[in-house]
Structure formats: structure tokens, C-alpha cells
Amino acid sequence: MRSYRLTSLGAAALLSFAVAAPAAADEGGADRSFTIEDPRITESSGLAASRAHPGIYWTHNDSDDGPYVFAVDSRTGKTVATITMKGVGEPRDVEAISLGPDGDLYVGDIGDNLDGSWDHVWIYRFPEPKVLRDATVRATQFDVRYADGPRNAEALMVHPKTGRVYIASKKEGGGGLYEGPAKLTAGTDNVFRRVGEVPWVTDGAFSPDGKELVLRSYFSARGYAFADGRLGKDYPVESPLLRQAESVTYTADGSALMYGTEGPQSDVVRVDLKNGGGDGGGGSDRSGSGGKQSSSGGGDGSPVKGTTLTGVAVLAGIGLLFFLGRRRRQG
């Protein structure tokens, strides 16, 4: 989302200094930290781990790009397929991507930079390609509206068992989790209803077994137990501090979370989960803590690297740089 992009070189340098080092995972193998090398991908705003192609991550640009989805190989950072969607309108503000249990990719054209001025947003769906190569595919377009009125959103998650689509709205004071109909229908309004309260959210992802939901913001991430379509106890989840933290997905085996950011040659950072691996890979080690945060700040989850407090400190430093720069110019 462009309205929060930092353009000062000094700010970028300070924030880069504060970024946590990528986790070393599976050196030379798939599902490791990587850098997106494709010069066309300058605003990677969503991530989805392929199930059909190990180590492949689907992503897309933010607004003003077109109906394109890219398959990026985590072993090399290179794009191995560019998919062009046809049969849909001109994408407006694509913010999220998720893979459903039907093997289809769901692309969320759900952003609203005017903060809730558009009465409709859209979801595009097409089957994940069996062969990775450049192709044009016919996608199905679904009209979406919210039962309680228009709003901005950047997180779309498809439940890996039920196939139900959820959207988390983005609002500074806290947003909502919205549940779509049991089945999306083309040619009519698909009404999403608020079923939970969430913090500021830039993306989210279900664990492979559907029992956990991780929601991320610019500076932190939280996990939630998820059952019967509703949020349960929440807990902190380890997350790296990135320049513009926009995306998150579980690895296909559930052993780690992959966090992405916007910008040219943007990084995707792997964070291993303490209880990860296969179905049931939760967002953290939650044994015996009942979802409450401990005095050490780690709670029942992994230690939090990119916390809101850290983010505030970074922004304060950035503000200081701007202030000093202005004083120098005035002098």
C-alpha cells in the first residue's frame, strides 16, 4: 500500500539497520529465505506457498500493475511462471493471495486506498497451474461487499479444510475478521459478515490444518486458535522487522512462516515454528501457557523480534532524521 511507503534514504538506512537477520533454513534448498529477483515485482503484496510445486511461492504486485500473478522459486528467487488472468475486469488494488483446498488460487482485489469508499471489491479465482510456464488463464470474478459497509482490507485467507474465504479489514484502531458465504457465487454479491475483532492487519494465513490463523502488521504478528469459523485465544508470533511488511504465508508443510515485504528485490524471510511440521504446525510453542503472554514478552509463542514497540522506536528514529534534515536545510 503506497500511502505508507518510506522514501527517504536516511529512513531506509535506519530501518535496514533495525531489520532482523533472515533465519538460516535449509541452506541451498526450498522454502528458505530468499530475495525476489524479478524487476517487474516491485510491490509484492501477498504470498501463497504452492502445494503442487515444492518451494514455489505465488505473489503479485499491488495497485496499477494488471492481471498478473508470478510464481517465484525460493531456491533462486527467480520467477518461473507469469500468469495473466483473463475474464476479469481491470484490477484496482490487489492485496492478497491464498490457495484453497480445491487447488485454486484466490486473488484478493480488496484494497481501498480511500479507506472504504468503494462499495464493491473483488476476488479472482483460477486453478493452480500443473505446469510452471508463462500462460494466460481464465479466472472467475466474484463481487464482494461487506454487510456493515465498505472498508479497506489487505488480508484474504482461504480455510484449507472448508474452503471458506475470510477477509481481515485494515484500520488503525483495529479491524474486523469477515467471513464469506459457504460458497462464492459469480454474478451476484457475495456478502461478508463480521465475525471477530482483529488488530491492524496487512496480511494473514491459515496453518495447513486450519487450526491456527496468523495475522501480521507492519511491526508484529499474532496467532489465533481457530475453530468453527471463529477466533480463539491469541498469542504472539515471531516476526522479522521488514521495510514494508506486507505478506505472510505458512510453508506447505507448516514448519515455518514466510514473511514478505514490498520494494524492488524485496526479501522473503523464513521464521521456523517451534511446534512446526506437517498438519498442526501452530504459530508457536503454546504448551502449558493457556494463551497468556509471559513477563519475558515471548508469551506462549516464539520470541517476538518485530514488536510494535520496536516499530515505534524505529519510526521515532526516522522522525528524528527528517527533523534534523529540515533543521540543516533551514540553517
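In the predicted model, the loop between helix H1 (9–18) and strand E1 (34–35) contains Asp31. The phi angle of Asp31 is near 60°, a positive value in a residue other than glycine. Most residues other than glycine have a negative phi. Asp31 has a relative accessibility of 16% and therefore counts as buried, the limit for that class being under 20%. A positive phi, near 50°, is also found for Gln265, likewise a residue other than glycine. Gln265 is placed in the loop between E20 and E21. With a relative accessibility of 48%, Gln265 is classed as partly exposed.

The strands on either side of that loop belong to a run of antiparallel pairings. Strand E20 (residues 256–261) has 6 of its 6 residues buried, so this strand is largely enclosed by the rest of the structure. Ala256, Met258 and Gly260 point one way from E20, while Leu257, Tyr259 and Thr261 point the other way; residues of both sets are buried. Strand E19 (residues 245–250) pairs with E20 in the antiparallel sense through 5 bridges, and within this pairing Ser247 has Gly260 of E20 as its bridge partner. The hairpin of E19 and E20 has 5 residues between the strands, and Gly254 adopts a positive phi near 75° there. E20 is also joined to strand E21 (residues 267–272) by 5 bridges, again in an antiparallel arrangement. Here Leu257 stands opposite Val271 of E21. The hairpin of E20 and E21 has 5 residues between the strands as well, with Gly263 taking a positive phi near 110°.

Elsewhere, an open sheet of 8 strands with mixed pairing follows the order E6-E7-E8-E10-E14-E13-E12-E11. Its edges are formed by E6 and strand E11 (153–158); each has a single partner strand, so one side of each is left without a neighbour in the sheet. From one strand to the next, the twist averages 30°. Within this sheet, E8 and strand E10 (residues 140–146) run antiparallel and are joined by 5 bridges, with Tyr124 standing opposite Gln141 in E10.

The largest nonpolar core comprises 19 residues, of which Trp58, Val69, Met85, Val107 and Phe126 touch the most other members. Two or more residues are contributed to this core by each of strand E3 (56–59), strand E4 (68–73), strand E5 (79–86), strand E6 (96–99), strand E7 (104–109) and strand E8 (121–127). Apart from this core lies another of 16 residues, including Ile110, Val144, Val158 and Ile167. When neighbours within four places in sequence are set aside, Val69 is in contact with Trp58, Thr59, Ala81, Thr82, Ile83, Met85, Ile97, Val107 and Phe126. The contacts of Val69 thus include Trp58, Met85, Val107 and Phe126, which are themselves among the residues touching the most other members of the largest core.

The model contains 1 cavity of 30 Å³ or more. The volume of the largest cavity is about 40 Å³. Its lining consists of His60, Asn61, Asp62, Asp65, Gly66, Tyr68, Val69, Met85, Pro91, Val94 and Val107. Val69, Met85 and Val107 are thereby found both in this lining and among the most connected members of the largest nonpolar core.

Key:
Residues numbered from 1 in each chain as written. Predicted model: local features only at pLDDT ≥ 70, side-chain atom pairs only at ≥ 80, totals over all residues. Heavy atoms only, no water. Core = buried A, V, L, I, M, F, W, Y, C linked by side-chain atoms within 4.5 Å. Buried < 20%, exposed > 50% of the residue type's maximum accessible area, 1.4 Å probe, protein only. Helix = DSSP H or I, 4+ residues; strand = E, 2+ residues; numbered from the N terminus. Contact = heavy atoms within 4.5 Å. Pairing = 2+ DSSP bridges. Axes fitted to C-alpha atoms, helices over the stretch in contact; angles between N-to-C directions. 1 Å grid on protein atoms, 1.4 Å probe; cavity = no way out; pocket = protein on both sides within 12 Å on 5 of 7 lines; lining within 4 Å. Points joined across faces, edges and corners; volume = space filled by probe spheres on them.
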